[in-house]
Amino acid sequence: MLLRDVEHGDVDAYVRMRCDPAMMVELGGPLPREGMESKVRRDVQRAAAGTDWTKMIVPDEAEPGLVAGTVTLWPHNTDAERMSEIGWMVLPEFQGRGLAKQGVRLLLELARDDGRWGLIHVFPATKNAPSNGICRSLVFRFLGEQDVPFAGRVLRTNHWAIDPRTDMT
């Protein structure tokens, strides 16, 4: 498995992840197909600038065009502070293989070595057992439940955090 930066050709993977009702069930339902090219373009620009890390999870190094999902780390402002947030998605045919956990661990290791991200937060839906399991197994600290806005919706989430500089060995 490897992580590679998002590319303009990843639109189909974005559509499969973000516009599919089953993939988006824990995120309030599918997003509209319109705008996915713009989303990929923005993510490519941000990855190239180094402000966000949007990585495609590639299960087999011999097939770099075959994408299993994404893992992303980005900064944003909340009412109280600037924070770093991580998120991930894995397509159904690749789920259950440990690729999400492996991708999250790799990105956290990169963040630890980079040093600029500080405390990293994640907000999986309270009922998303696989993502909450990844948080537990990678020693994120559980901070409680929280309502989080996402794509014009409000989601009930578990709030987890990790400092890769001190929490990862």
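Are Trp-53 and Trp-117 buried or exposed? In this predicted model, both of these tryptophans are buried, and they offer a convenient way into the structure, since they also face one another as partners. Trp-53 and Trp-117 form an aromatic pair of the edge-to-face kind, with 5.1 Å from centre to centre and 65 degrees between the planes. Trp-53 belongs to strand β2, whereas Trp-117 sits in the loop between α3 and β5 (120-122), so the pair ties together parts of the chain that are 64 residues apart in sequence.

The count of aromatic pairs comes to two, and the other one to consider involves Phe-142 and Trp-160. The ring centres of Phe-142 and Trp-160 are 5.2 Å apart and their planes stand at 65 degrees, so this pair, too, is edge-to-face. It links distant parts of the chain, with Phe-142 in strand β6 (residues 141-150) and Trp-160 in strand β7 (residues 153-162), 18 residues apart. The two partners differ in their surroundings: Phe-142 has a relative accessibility of 45% and counts as partly exposed, while Trp-160, with a relative accessible area of 5%, is buried.

From the aromatic pairs we can turn to the nonpolar interior. The largest nonpolar core has 44 residues, and the members that touch the most other members are Ile-86, Trp-88, Leu-108 and Phe-140. Helix α3 (residues 99-114) provides the largest share of this core, namely six residues. Trp-88 is worth following in detail, because its relations reach well beyond its own stretch of sequence: leaving aside residues up to four places away, Trp-88 touches Thr-70, Val-71, Ala-100, Val-104, Val-122, Ser-131, Ile-134 and Cys-135.Two of these contacts can be taken further. Ser-131 has its place in helix α4 (residues 129-137), and with a relative accessible area of 10% Ser-131 is buried. Beyond its neighbours up to four places away in sequence, Ser-131 touches Trp-88 and Pro-124. Cys-135, for its part, has a relative accessible area of 0% and is buried. Another cysteine, Cys-19, counts as buried at 19% relative accessibility, a value that falls under the 20% cut-off for burial. As for cysteine cross-links, a search of the whole structure finds zero disulfides.

How many of the eight residues of helix α1 (residues 11-18) are buried? Six of them are, so this helix is largely enclosed by the rest of the structure. The buried residues of α1 are Val-11, Ala-13, Tyr-14, Val-15, Met-17 and Arg-18. Their cover includes helix α2 (36-49) together with the strands β2 (53-58), β3 (69-77) and β4 (82-90). Strand β2 has already appeared in this account as the element that holds Trp-53. Within α1 itself, two of the buried residues are placed against one another, with Arg-18 lying over the face of Tyr-14 at 4.1 Å from the ring centre.

The charged side chains complete the picture. The count of salt bridges comes to 12, and three of them can be described here in some detail. Arg-156 and Asp-147 meet through their side chains in a salt bridge with an N to O distance of 3.0 Å. In this bridge Arg-156 is partly exposed, with a relative accessible area of 40%, and Asp-147 is likewise partly exposed, with a relative accessible area of 46%. A separate set of salt bridges shares partners and thereby joins Arg-4, Glu-7 and Asp-10 into one network. One of the contacts among these residues is the salt bridge between the side chains of Glu-7 and Arg-4, at 3.7 Å from N to O. Here Glu-7 is partly exposed, with a relative accessible area of 42%, whereas Arg-4 counts as buried at 12% relative accessibility.

The remaining example is the salt bridge between Arg-116 and Asp-114, in which the closest N and O atoms are 2.8 Å apart. Arg-116 counts as partly exposed at 46% relative accessibility, and Asp-114 counts as partly exposed at 37%.

Methods. Residues are numbered from 1 along each chain as its sequence is written. This is a predicted model: local features need pLDDT of at least 70, side-chain atom pairs count only at pLDDT 80 or more; totals for chains, interfaces and linings use all residues. Side-chain values use heavy atoms; hydrogens and water are left out. Buried means under 20% relative accessible area, exposed over 50%, partly exposed in between (1.4 Å probe, protein chains only). Helices (H or I, at least four residues) and strands (E, at least two) are DSSP runs, numbered from the N terminus. Contact means heavy atoms within 4.5 Å. A nonpolar core is a set of buried Ala, Val, Leu, Ile, Met, Phe, Trp, Tyr and Cys residues joined through side-chain atoms within 4.5 Å. Rings of Phe, Tyr and Trp (its six-membered ring) pair if their centres lie within 6.5 Å; planes under 30 degrees apart count as stacked, over 60 as edge-to-face and the rest as tilted. A charge sits over a ring if NZ of Lys or CZ of Arg is within 6 Å of the ring centre and within 35 degrees of the ring normal. A disulfide is a pair of cysteine sulfur atoms within 2.5 Å. A salt bridge is a side-chain nitrogen of Lys or Arg within 4 Å of a carboxyl oxygen of Asp or Glu.
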